[in-house]
Amino acid sequence: MGETVRFSLPKMNGLPVDYCSRYQRAGVRGGSRGIDCGLPAATRFCRSQGYDGSTGDYIVTYYSNRATFTMADESIHPADPPGDGKGRHTWFTSITCRSSGHPRGEVAADLVLVPVAGGKGEEGGFHRF
């Protein structure tokens, strides 16, 4: 049985979680370009909290001037300069995460089959781990 949990105003290191997982700065005219935005960034946040991923149900705040935290490179996307007025940052107001129902910290492992060699009075077979 799976579960979902909604994180309101999700933060990492005290900063709002950025809508994009990371930013490309080199070779971009006028600033930076967001990469892996939306669901990929929400999924990274959920996995950092011990969940399987995001349900895709999230709300964002657009065009903020605040500094944000980017999940892929675990860095700070700095606040816009004072008086800039552009407000280019977008961050999550809420993210809903999903779990497959396994206790947090326990990974749902695939079935591992290890062959057992047949010997005297033994039949060959498999052990489950």
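The following exercises, each with a worked solution, concern the predicted model shown above.

Residues are numbered from 1 along each chain as its sequence is written. Local features need pLDDT of at least 70, side-chain atom pairs count only at pLDDT 80 or more, totals for chains, interfaces and linings use all residues, and side-chain values use heavy atoms, with hydrogens and water left out.

**Exercise 1. The overall plan**

Determine which secondary structure elements the protein holds and in what order they run.

Solution. Step 1: apply the rule that helices (H or I, at least four residues) and strands (E, at least two) are DSSP runs, numbered from the N terminus. Step 2: count the elements, which gives 1 helix and 11 strands. Step 3: read the order from the N terminus, β-β-β-β-β-α-β-β-β-β-β-β. Step 4: consider the contacts, where contact means heavy atoms within 4.5 Å. Among contacts between residues at least 6 apart in sequence, 62% join residues at least 24 apart.

**Exercise 2. Surface and burial**

State what percentage of the residues of the protein count as buried, and what its accessible surface comes to.

Solution. Step 1: fix the classes: buried means under 20% relative accessible area, exposed over 50%, and partly exposed in between (1.4 Å probe, protein chains only). Step 2: apply them to the 129 residues, of which 29% count as buried. Step 3: take the accessible surface, about 8,400 Å² (Shrake-Rupley method, 1.4 Å probe). Carbon and sulfur atoms account for 52% of this surface.

**Exercise 3. The helix and the core**

Identify the buried residues of α1, the elements that cover them, and the part that α1 has in the largest nonpolar core.

Solution. Step 1: list the buried residues of α1, namely Ala41, Ala42, Thr43, Phe45 and Cys46. Step 2: find their cover, which includes β1 (3–8), β2 (11–12), β4, β5, β6 and β9. Step 3: define a nonpolar core as a set of buried Ala, Val, Leu, Ile, Met, Phe, Trp, Tyr and Cys residues joined through side-chain atoms within 4.5 Å. The largest such core has 15 residues, and Met12, Val17, Phe45, Met71, Phe92, Ile95 and Cys97 touch the most other members. Step 4: assign core residues to elements; those giving two or more are α1 (39–48) and β9 (89–99). The largest share, 4 residues, comes from α1. Step 5: examine Phe45, which touches Phe7, Pro10, Lys11, Met12, Val17, Met71, Ile95 and Cys97, not counting residues up to four places away in sequence. Step 6: look past the helix, where Gly50 follows α1 with a positive phi near 95 degrees.

**Exercise 4. The disulfides**

Locate each disulfide, give its handedness, and state how the cysteines pair in sequence order.

Solution. Step 1: search for pairs of cysteine sulfur atoms within 2.5 Å, the rule for a disulfide. The count comes to 2. Step 2: describe the link of Cys20 to Cys37, with an S to S distance of 1.9 Å. It is right-handed, with 95 degrees about the S-S bond. Cys20 lies in strand β4 (residues 20–24) and Cys37 in strand β5 (residues 33–37), 17 residues apart. Cys20 is buried at 6% relative accessibility, whereas Cys37 is partly exposed at 28%. Step 3: describe the link of Cys46 to Cys97, with an S to S distance of 2.0 Å. Its torsion about the S-S bond is about -80 degrees, so this disulfide is left-handed. Cys46 in helix α1 and Cys97 in strand β9 are 51 residues apart, and both cysteines are buried. Step 4: number the bonded cysteines in sequence order; the pairing is 1-2, 3-4.

**Exercise 5. The aromatic rings**

Classify the pair of Tyr58 and Phe92, and find which residues ring pairs link into a cluster.

Solution. Step 1: recall that a pair of aromatic rings is described by the distance of the centres and the angle of the planes. Rings of Phe, Tyr and Trp (its six-membered ring) pair if their centres lie within 6.5 Å; planes under 30 degrees apart count as stacked, over 60 as edge-to-face and the rest as tilted. Step 2: count the aromatic pairs, of which the structure holds 5. Step 3: classify Tyr58 and Phe92; at 5.3 Å centre to centre and 90 degrees between the planes, the pair is edge-to-face. Tyr58 lies in strand β6 (residues 53–64) and Phe92 in strand β9, so the pair ties together parts 34 residues apart in sequence. Tyr58 is partly exposed at 26% relative accessibility, whereas Phe92 is buried at 0%. Step 4: trace the cluster, in which ring pairs link Phe7, Phe45 and Tyr51.
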